[in-house]
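Reader: I should like to learn how the features of a protein model are read. May we go through them in order?

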Amino acid sequence: MKQIIKIHPADNVAVALQDLMDGASVDVDGQTVILKQPVSRGHKFALEAIATDGQVMKYGLPIGHALQPIAVGEHVHSQNLKTNLGELDNYQYHPVEVSLSSRLTDPEVEIYRRSHGQTGIRNELWIIPTVGCVNGIARQILTRFKQQHGDLNDIDGIYLFNHPFGCSQLGDDHQNTRTMLQNMVRHPNAGAVLVVGLGCENNQVDEFRRTLGDVDESRTRFMVCQKYDDEVEAGVEFLNELYQAMRHDRRQPGRLSEVRFGLECGGSDGLSGITANPLLGRFSDFLIAHGGTTVLTEVPEMFGAEQALMNHCRDQQTFEKTVNMINDFKSYFIAHQQPIYENPSPGNKAGGISTLEEKSLGCTQKAGSSQVVDVLKYGERLKVSGLNLLSAPGNDAVATSALAGAGCNMVLFSTGRGTPYGGFVPTMKLATNSELAAKKPHWIDFDAGQLLYGVSMDELLSQFIDYTVSVVNGKLTCNEVNDFRELAIFKSGVTL
């Protein structure tokens, strides 16, 4: 394993790939550097003297400026480095040529083919409350149904997705709740769905149904608990009807490029932009070269790297939609009188990330080098194949739900610090370092840290494609094994 890495020729810092001692001598492209302090794995040290206000360069771009003179070999982090980010920016469109090809073939997979041409990778029965008031009733319905049917080995499971919303909401919050739940009803990983309402909430079942759009009527049931003498018995009867409608569904041959993938990271560290995120970028490019679809979100973690994404937009209209997405999210911060750049968490900082630019330049590695073909608002569903951007916050739970709500069958989630979280679709965790993968095998699905131990990117990409095919075909991700399936809906306004 190498001790350090200099990511880009223009960088004036290098990254430690293992814990290094004070006074250690390291070779960086023929330059001998003596460390002036201990430097932990994922953290940075200076390769040249940097004056006060001088730019600190990583990934070939500025990640902030020096707060004080920084000597060669000195640890570069929050104590001597500050973001350059301010508020709203003006952007220019400088399109770059993109040409994708892949020597790797598009693998065969086994998928579920749904109505309206949709592709699913699970055949699950879902219970979706329209309002948090019925979470307990929905749980009783689920429990009684399971008592009647046992293991349900002929489907991929039955799941209830609780949430606290659906009433006492106004404006965008009310619309976001209804839209996200409607997107779940239409999600192709669900073979059938029971929608459970109370009756007096503002997220009324009749209006929910009227604005839902086309669904397979044999696979969708709606119930209002206040209308039944025994709402649990009624719910179980509905579930039995749905179960009979879906239980004979079988996988059919397809291609990996038919599956839609969300790209996300959480609990990032200084290795995220070196191992797992570049791997996901390569995977995204591979998939898109075969006509596939990926979605990048977490808008606040694009700040500082957004110009590169804008330059990859396929046309002026897509560029302008990207600018609006970025500045709208910055305006959201400003309206709440919060700093735009205060994003890296304590865990991020402990892992070596110092500024938001540094975090963003690592996060956006997941987009690879593909063209951006569309920009989706929160709650919008995918319309075109290729690399899409989606407006959603960096919060793991909200971002994962937004990706799934947009129509992603699976979320590919890189992490350096580790997280057990999972959304309502399979949420595959990639460790940025092998130590995390070894420590948390019950959280981590794939070890991208192998890149630091001599495994080539091409070899690791092949391994990752094979593993992803196995998950598409039914192998459970860790979040599925642990039954960590969560729904989180974006809220920004008043609660009545």
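Author: The dialogue below moves from the overall form to the interior and then to the backbone. Please keep in mind that this is a predicted model.

Reader: Let us begin with the secondary structure. How many helices and strands does the chain have?

Author: One counts the elements along the chain. Here the secondary structure comes to 13 helices and 23 strands.

Reader: How compact is the chain, judged by its radius of gyration?

Author: One sets the radius of gyration beside the value that the globule rule gives for the length of the chain. In this case the radius is 24 Å, close to the 23 Å given for 496 residues, so the chain is as compact as a globular protein of that length. Along the principal axes, its C-alpha atoms fill a box of roughly 75 × 45 × 40 Å.

Reader: What share of the residues is buried, and what does the chain expose?

Author: A residue is called buried when its relative accessible area is under 20%. By that cut-off, 59% of the 496 residues are buried. The chain exposes about 19500 Å², of which carbon and sulfur atoms supply 48%.

Reader: What share of the contacts joins residues 24 or more positions apart?

Author: Among the contacts with a separation of 6 or more, such pairs account for 71%.

Reader: Which residues touch the most other members of the largest nonpolar core?

Author: They are L256, F283 and L412, in a core of 55 residues. Helix α12 (residues 457–472) gives the largest share of this core, 9 residues. Apart from it lies another core of 40 residues, including F208 and V398.

Reader: With which residues is L256 in contact, leaving aside its neighbours within four places in sequence?

Author: Among them are D106, P107, V109, F283, I465 and V469.

Reader: How should I read the phi angles of the backbone?

Author: Most residues other than glycine have a negative phi. A positive value therefore departs from what most such residues show. In this chain, D53 has a phi near 75 degrees, and that of H116 is near 65 degrees.

Reader: Where do D53 and H116 lie, and are they buried or exposed?

Author: D53 lies in the loop between β5 (44–46) and β6 (55–58), while H116 is found in the loop between β10 (108–113) and β11 (119–120). A residue counts as exposed over 50% relative accessibility. D53 is at 56%, so it counts as exposed; H116, at 59%, therefore counts as exposed too.

How values were computed. Residues numbered from 1 in each chain as written. Predicted model: local features only at pLDDT ≥ 70, side-chain atom pairs only at ≥ 80, totals over all residues. Heavy atoms only, no water. Helix = DSSP H or I, 4+ residues; strand = E, 2+ residues; numbered from the N terminus. Rg over C-alpha atoms; globule rule 2.2 N^0.38 Å. Buried < 20%, exposed > 50% of the residue type's maximum accessible area, 1.4 Å probe, protein only. Contact = heavy atoms within 4.5 Å. Areas by Shrake-Rupley, 256 points an atom, 1.4 Å probe, with all protein chains shown as cover. Core = buried A, V, L, I, M, F, W, Y, C linked by side-chain atoms within 4.5 Å.
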